[in-house]
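This explanation leads the reader through one part of a structure, from the pairing of strands to the surroundings of a single residue. Please view the sequence and the model together while reading.

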Amino acid sequence: MALLDELSGYEFEDLMVDVFRHLGYENVRQSARTADEGRDVLMEEVVDGRRRAVVVECKHTDTVSRPVVQKLHSAVATYEYDGPRRGMVATTGRFTGPAREYAHELGDGDGSVELLDGADLREIGEEIGMDLYNGRIEILCEVALWPTHPTAGDYAPLLEVVDAIENLESASVPDPETTLELEPTVRVSGRTSATFETSVGVVHSLDETTDLVIRADREPPRVVRSKLRSLVAGRTAPRIDLDEYERNLENGFDDLDEYERNLENGFDDLEQSRFGRTETGYKEWAIDKFQAIHTTTVHYTGDNNVDYEKTCTPTQSDVSIQSIEPVYLPCVRSRLSLGEYNYRYEYYAAGPSWTETTNDLHRCVHCDTGGARGDGPVTYCSNCGSINCDDHVRTERLEDEPVCTGCAVTERFALSRKYFYDEENLEAFREEYESMAFHEKAMENVPLAVGSVLVAVFLLVLLAAAVGL
């Protein structure tokens, strides 16, 4: 069994915990590593609707004899559990004839002892993706969070963004070019329990359970930021079984609704990144991370009334990994073409929840000022397709619609600059302006006209005062 034979007894226990989790056992955990009374791993199973405890002895030896099975049988009988229970011995080697005979005499019901030898482990390894040549477990993930489409279904993130843009209706938005990438993540839950003592007694202790969400697409692994963590860690987020999806794709999706069967067709490209490490590799990385998280410096007073400080770092054996859950996190990238401009809108999705990473639609194309959800509102220019802040949008003189300062044709009339969609509209207004009466032309610059009236009134008042009226 190659490197499995080179594992220590504790390392073999760690490996078997991962194996049992993959096999579907629940509440899998290791017992204390001192005075374990023959119990290395404790877990539960549900059989015919009844929950049953399973007490496991892990033996990293060439041969397991009858006394080991007898000892475990006694440990099972004395194990405090409110319900039925049975035992299991797992070994990298083989069982002697008397050991197998004793287990056979116990039967296969409550109180029984199941035997797993090296050959059994090899078969299990093939079933769950365990690489017996390096003692590691490969990640075989077939689950993804639901990839919310940007413009389809009950939740449409891109259309929600468009609704906040003035002068742009979501119904008029063309279908964006959209790609979907399934990015690997791993959610690890670990319990750190440690006690630190000096000559004066216990100076620090901890017993904490911590969750990490790890980006697992490339080296090195890294903890995801808080917003993405909430997507991955949310237990209620809808999920897709990718393996089932592939089967339904082949069978015509008879049991899925229209939106589900358009998952692949709704995206222009679908990519699935690979996990960068094995599950065992992420487990080892997480243990190091938990050690660092829970390292602290404490201050205490010694017997001689002298103040001391001690850095308390949990050992690897102080950390117990309780669960490892791989899941693909959908990253949706859209490219929306409006007139002369292309806008990116990207987000991570988990059903009705999503987190934006890129939003060009709420920024002015001229000055990159944030709008709508940033520094102020933004307005769409249907003449060229630009998104503009208030400083770069005007009202078109003839159409009375928004036009941006970048595409508008301009000319001064009555000392006021006017904005037009094109030369044709400018020429049309020139003709209209020429036919206007004087007061109408003056009104093309309202502030100037009002100012002129105020000046005239002021001069009349001065004249009246001068003549004694």
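Strand S2 (residues 41–47) pairs with strand S3 (residues 50–59) in the antiparallel sense, and seven bridges join the two. Within this pairing, valine 46 has arginine 51, in S3, as its bridge partner. The model in which these strands are seen is a predicted one.

The two strands belong to an open sheet of five strands, arranged in the order S1-S2-S3-S5-S7 with mixed pairing. Strand S1 (26–30) and strand S7 (113–116) stand at its edges; each has a single partner strand, so one side of each is left without a neighbour in the sheet. On average, neighbouring strands of this sheet are turned by 25° against each other, direction ignored.

A helix accompanies the sheet. Helix H1 lies across S1, S2, S3, strand S5 (85–91) and S7, and runs at about 175° to S1.

Helix H1 covers residues 9–22, and arginine 21 is found in it. Is this residue, arginine 21, buried or exposed? Arginine 21 is buried, because its relative accessible area is 19%, which falls under the cut-off of 20%.

The surroundings of arginine 21 can now be described. Leaving aside residues up to four places away in sequence, arginine 21 touches Val28, Ile321, Gln322 and Ser323. With two of these residues the side chain of arginine 21 also approaches backbone oxygens: a polar atom of this side chain lies 2.3 Å from the backbone oxygen of isoleucine 321, and the side chain reaches the backbone oxygen of glutamine 322 at 2.6 Å.

Terms used: Residues numbered from 1 in each chain as written. Predicted model: local features only at pLDDT ≥ 70, side-chain atom pairs only at ≥ 80, totals over all residues. Heavy atoms only, no water. Helix = DSSP H or I, 4+ residues; strand = E, 2+ residues; numbered from the N terminus. Buried < 20%, exposed > 50% of the residue type's maximum accessible area, 1.4 Å probe, protein only. Polar contact = N/O pair within 3.5 Å; in protein donor to acceptor, adjacent residues only side chain to side chain. Contact = heavy atoms within 4.5 Å. Pairing = 2+ DSSP bridges. Axes fitted to C-alpha atoms, helices over the stretch in contact; angles between N-to-C directions.
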